[in-house]
Amino acid sequence: MADLSVRGLTKHFGAVHAVSELSFEAPAGVITGFLGPNGAGKTTTLRMALGLVTPTAGTALIGGRRYADLPHPRRTVGAVLEATGLHPGRTGRDHLRILAGPARAASSRIDEVIDLVQLSESADRRIRGYSLGMRQRLGLAGALLGDPEVLILDEPANGLDPAGMAWLRGLLRELSGRGRAIVVSSHVLSEVAQTVDQVVIVDRGRLRYAGSLDGLGDSLESAFLELTAAD
């Protein structure tokens, strides 16, 4: 199974140093929480990992390769960065049919992921009628179409009710138990504490902590606030 390895990753937008010499590992079979305040560089880091932003320096490797060098990227990594880009006039099932081609996914896989994210009753409704939580589920279904070895998820619990959060937690646990490397970026620290195996905390583009939850003491929130407090 593949992993995500970030090594000396740096991105400058003019005078703004969005990410500075960031290094961490997200191993296979492990759920990694990727945490930081707004503007910490999390989204830029994830976009560099997915080949959407070119690093100023350093590398982000998925299974030992840059995203651009993956022979079948959608079978190696699935990502949900935001619940947008969904045509409101299409049904959820039609949206997945369009994604199935690049993912080289069989039509039977569409039904599988619809069941997996619990959208069976809504798959043939138009997306304009979907709640935010349903859009999140549809985005996750799209990421899973290629049965990827690595999942990169930005705020996957956004819009989910408590039952939905518990379902997502169980699904991520099941997927990591099958050897998937999972990276979850979130501001909901209480949910992160119940879900992940290790955390990576960044602030102002720099690494503040990378390691197990146990290494942060009894409270993830307290440790996070201390590590990201203004100097």
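In this predicted model, the charged end of K11 is placed over the ring of F13, at 5.2 Å from the centre of that ring. A second arrangement of this kind involves R137, which lies over the face of W167 at 4.2 Å from the ring centre. As for contacts between the aromatic rings themselves, the count comes to 1 aromatic pair.

Strand β1, which spans residues 4-13, is paired with strand β2 as well as with strand β4. With β2, which comprises residues 16-26, β1 runs antiparallel and is joined by 7 bridges; within this pairing, S5 has E25 of β2 as its bridge partner. The two strands form a hairpin in which 2 residues lie between them, and G14, located in the turn, adopts a positive phi of about 65 degrees. The pairing of β1 with β4, the latter covering residues 57-62, is likewise antiparallel and extends over 5 bridges, with V6 standing opposite A60 of β4. In a regular strand, side chains alternate between the two faces of the sheet.

Turning to the helices, α4 is formed by residues 107-116, and its buried residues are R109, I110, V113 and I114. Because these four residues cover an arc of only 140 degrees around the axis, they are found on the same side of α4. In general, an α-helix has 3.6 residues a turn, so residues three or four places apart point the same way. The partners against which the buried residues of α4 pack are α3, made up of residues 92-103, and α5, made up of residues 132-144. After α4 comes Q118, for which phi is positive and near 60 degrees.

Helix α3, one of the packing partners of α4, also contains H95. The relative accessible area of H95 is 11%, and this residue is therefore classed as buried, given that the cut-off for burial is under 20%. When residues up to four places away in sequence are not counted, H95 touches G85, L86, I127 and L138. The last of these residues, L138, falls within the range 132-144 of α5, so that α5, against which buried residues of α4 pack, also supplies a contact to H95 of α3.

How values were computed. Residues are numbered from 1 along each chain as its sequence is written. This is a predicted model: local features need pLDDT of at least 70, side-chain atom pairs count only at pLDDT 80 or more; totals for chains, interfaces and linings use all residues. Side-chain values use heavy atoms; hydrogens and water are left out. Buried means under 20% relative accessible area, exposed over 50%, partly exposed in between (1.4 Å probe, protein chains only). The arc is that of the directions from the helix axis to the C-beta atoms. Contact means heavy atoms within 4.5 Å. Rings of Phe, Tyr and Trp (its six-membered ring) pair if their centres lie within 6.5 Å; planes under 30 degrees apart count as stacked, over 60 as edge-to-face and the rest as tilted. A charge sits over a ring if NZ of Lys or CZ of Arg is within 6 Å of the ring centre and within 35 degrees of the ring normal. Two strands pair if DSSP finds at least two bridges between them.
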